[in-house]
Amino acid sequence: MAKKEKEKKETPVEETVETPVEETPEVNPFEEKYNAEHDAHLRLAAEYDNFRKRTAKEKEMSYANGKADAVEKLLPVYDNLSRAMNQETADAAYKKGVEMTMNELVKILTGLGVEIFGAVGDEFDPNLHNAVMHTEDDSVAENTITQVFQQGFKMGEKIVRFAMVQVAN
């Protein structure tokens, strides 16, 4: 009996390991088709929304660019009125008429969202001003505009025309 017990102990015991069998979910062809159609519908809706936003932005930019072009065409009129205001004249009615015309043009430009910049005493900014002359003047701080040859105009962040200025070194 000792021999039999020994043999029983030495013989390997086979263990049965149960591996879980993964059940594949039953695929419903109608549900699969529904999910595919739903996904396609969501993609189409997102694409349309992006198209709508893009066209609205393009329309807005087109309007802003058209407005800036129209303002740019009016700038020679502004320059000529500015020169006329600086001329000496004995006719007070003529001077008053030029001033009224200039005030009305500035009012219209302001109503369109145009900002006029470039005044004597402002600090020089290369993003806004075009320095065409430099002067050595110790009474004025460095990078200060000492003379304005042509006013600058901008609409929002868009520069319609840079200001032509003289800058102190």
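## Salt bridges: worked exercises

R43 and D39 form a salt bridge, their closest N and O atoms lying 3.1 Å apart. This is a predicted model, where local features need pLDDT of at least 70, side-chain atom pairs count only at pLDDT 80 or more, and totals for chains, interfaces and linings use all residues. Residues are numbered from 1 along each chain as its sequence is written, and side-chain values use heavy atoms, with hydrogens and water left out.

**Exercise 1.** Place R43 and D39 in the fold and classify their exposure.

*Solution.*
- Recall the rule: a side-chain nitrogen of Lys or Arg within 4 Å of a carboxyl oxygen of Asp or Glu. By this rule there are four salt bridges.
- Locate the pair. Both residues, R43 and D39, sit in helix α2 (residues 29-86), four residues apart, about one turn of the helix. Helices (H or I, at least four residues) and strands (E, at least two) are DSSP runs, numbered from the N terminus.
- Apply the cut-offs: buried is under 20% relative accessible area, exposed over 50%, partly exposed in between (1.4 Å probe, protein chains only).
- R43 is exposed, at 57% relative accessibility. D39 is partly exposed, at 36%.

**Exercise 2.** Are D79 and R161 buried or exposed, and which elements hold them?

*Solution.*
- Check the contact. The D79 and R161 side chains meet in a salt bridge at 2.7 Å, N to O.
- Assign elements. D79 belongs to helix α2 and R161 to strand β5 (residues 158-161), so the pair ties together parts 82 residues apart in sequence.
- Classify. D79 and R161 are both buried.
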